Amino acid sequence: MDRKRQAFLEEWHATLQDLRDIGARISRPENRPAWISESASPGSQADQFLHAHYYQRTFDGRKANYAALFEQNHHHREQALAETVQWWRRLRTAPSSEEAMLNVTAPYLRTALAEQSLHSMTEEAFRQVCMRVHAIKDYARRVPNKAVGLPDDGTPYTIPDKVTALSKRIWNDKSTNGVRVNELLHYVLYGGSSEQLPDRLWQAVSDPKWKIDGLGISALGELVGWALPDRFPPRNGRTSKALRSLGYDVTVHVE
């Protein structure tokens with residue numbers, strides 16, 4: 001477990017620095033598309049830059065070819081990134097949801113995940129957060145109905161239905177030490193020095209005293225990023241796949 005923890009922390013810190021570097025680069029005035037607010041955090045911009053690249057430039061039909069692109073680009077990472085930055089800066093409109101995410105949703109999540117907000121968080125407030133977090137929505141889409149308390153009778157549930165059911169289950173769940181989800185988020189985000197936050201993140205996904213089923217590394221990595229985007233840019237499975245497609249040798253963490 002100590003070896004796994006050390007490997008996780010080394011990879012997580014290195015990838016965070018890659019994301020910070022990308023955020024600093026694409027948030028420069030000459031690289032930031034006009035539809036992004038000047039106040040948008042560089043870390044959030046890095047996330048949405050990678051979001052747009054992943055969905056617009058890595059898919060061949062229904063499948064993302066990030067593994068093949070990694071083989072193509074890992075010896076030419078700077079060239080691949082520079083070309084993608086040029087593509088990004090020329091976009092006159094957001095390819096999909098990036099404008100709303102950066103200008104509306106990101107500020108909402110930053111406020112909702114602030115320290116004081118977590119102290120007074122309600123089930124509905126947590127549901128609203130879950131509705132805005134890509135990794136949680138993606139997990140809700142895939143999780144069996146029965147696992148989130150929905151009848152497994154063939155009823156076609158929408159993604160909002162599944163997210164609502166998942167958020168309710170997480171909200172009412174506790175770790176083996178009796179920790180609830182708002183307490184877990186407070187501990188990870190604000191329970192010590194910022195330098196030690198990745199250590200607390202590791203605890204949240206590996207230590208039964210803290211772990212809550214349904215909140216894996218992608219969901220927590222993204223939540224941390226929306227709460228503290230400049231120091232800890234959002235990271236989920238899609239972020240890692242997008243980085244790999246550009247030649248970055250990062251781990252795609254499996255929930």
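**Pockets, helices and selected residues in a predicted model**

By class, the lining of the second largest pocket divides evenly in this predicted model, with five nonpolar, five polar and five charged residues. This pocket has a volume of about 190 Å³. It is lined by 15 residues, and those closest to its centre are Ser-97, Met-101, Arg-132, His-134 and Lys-137. Four helices each supply at least two residues of this lining: helix 2, helix 5 (98-112), helix 8 and helix 12 (217-227).

The largest pocket has a volume of about 410 Å³. Among its 17 lining residues, His-134, Asp-138, Arg-142, Arg-238 and Lys-241 lie closest to the centre. The elements that give two or more residues to this lining are helix 2 (42-57), helix 8 (134-142) and helix 13 (237-245). Which helix gives the largest share? Helix 8 does, with five residues. Sorted by class, the lining of the largest pocket holds six nonpolar, five polar and six charged residues. The two pockets can also be read side by side: His-134 is among the residues closest to the centre of the largest pocket, and His-134 is likewise listed for the centre of the second largest pocket. A general idea helps in picturing such spaces. Rolling a probe the size of a water molecule over the atoms shows where empty space is left.

Helix 1 offers a simple check of geometry. With 25 residues at 1.5 Å a residue, helix 1 should span 36 Å, and its end C-alpha atoms are 36 Å apart, so the expected and computed values agree. Which residues of helix 1 are buried? They are Phe-8, Leu-9, Glu-11, Trp-12, Thr-15, Leu-16, Asp-18, Leu-19, Ile-22, Gly-23, Arg-25 and Ile-26. A general rule is useful when reading such a list. An α-helix has 3.6 residues a turn, so residues three or four places apart point the same way. The cover over the buried residues of helix 1 includes helix 2, helix 4 (77-89), helix 11 (197-206), helix 12 and helix 13.

Just along the chain, Ser-41 sits in the loop between helix 1 (2-26) and helix 2. Is Ser-41 buried or exposed? Ser-41 has a relative accessible area of 7%, so it counts as buried, the cut-off being under 20%. Its side chain makes a polar contact of 3.0 Å with the side chain of Ser-44. Leaving aside residues up to four places away in sequence, Ser-41 touches Arg-110, Pro-229 and Asp-230.

Within helix 2 itself, Gln-48 can be found. Gln-48 is buried because its relative accessibility is 2%. Beyond residues up to four places away in sequence, the contacts of Gln-48 are Trp-88, Ser-97, Glu-98, Met-101, Leu-102, Trp-226 and Arg-238. Several of these names have already appeared: Ser-97 and Met-101 are among the residues closest to the centre of the second largest pocket, and Arg-238 is one of those closest to the centre of the largest pocket.

Thr-84, in helix 4, is another buried residue, at 1% relative accessibility. Apart from residues up to four places away in sequence, Thr-84 touches Phe-49, His-53, Arg-57 and Leu-246. The C-alpha atoms of Thr-84 and Glu-195, 111 residues apart along the chain, are separated by 31 Å.

His-75 gives a contrasting picture in the loop between helix 3 (66-73) and helix 4. With a relative accessible area of 66%, His-75 is exposed. A polar contact of 3.0 Å links its side chain to that of His-74. How many residues along the chain lie between the positions of His-75 and Gly-247, and what is their separation in space? The two are 172 residues apart along the chain, with C-alpha atoms separated by 7.1 Å.

Thr-105 belongs to helix 5. Its relative accessible area of 16% makes Thr-105 buried. Its contacts, not counting residues up to four places away in sequence, are Ala-100 and Arg-132. Arg-132 is also one of the residues closest to the centre of the second largest pocket. Thr-105 and Arg-180 are 75 residues apart in sequence and 24 Å apart in space, C-alpha to C-alpha.

Finally, His-186 is located in helix 10 (residues 181-190). His-186 touches Glu-115, Leu-118, His-119 and Gly-191, again leaving out residues up to four places away in sequence. The C-alpha atoms of His-186 and Asn-172 are 17 Å apart, for a spacing of 14 residues along the chain.

Technical notes
Residues are numbered from 1 along each chain as its sequence is written. This is a predicted model: local features need pLDDT of at least 70, side-chain atom pairs count only at pLDDT 80 or more; totals for chains, interfaces and linings use all residues. Side-chain values use heavy atoms; hydrogens and water are left out. On a 1 Å grid over the protein atoms alone, a cavity is a set of points where a 1.4 Å probe fits but cannot get out, and a pocket is an open set with protein on both sides within 12 Å along at least five of seven lines; lining residues have an atom within 4 Å of a point. Grid points are joined across faces, edges and corners, and a volume is the space filled by probe spheres set on the points. Ala, Val, Leu, Ile, Met, Phe, Trp, Tyr, Cys and Pro count as nonpolar, Asp, Glu, Lys and Arg as charged, and the others, Gly among them, as polar. Buried means under 20% relative accessible area, exposed over 50%, partly exposed in between (1.4 Å probe, protein chains only). A polar contact is a pair of N or O atoms within 3.5 Å; within protein, one must be able to donate a hydrogen and the other to accept it, and residues adjacent in sequence count only if both atoms are side-chain atoms. Contact means heavy atoms within 4.5 Å. The expected span of a helix is 1.5 Å times one less than its number of residues.
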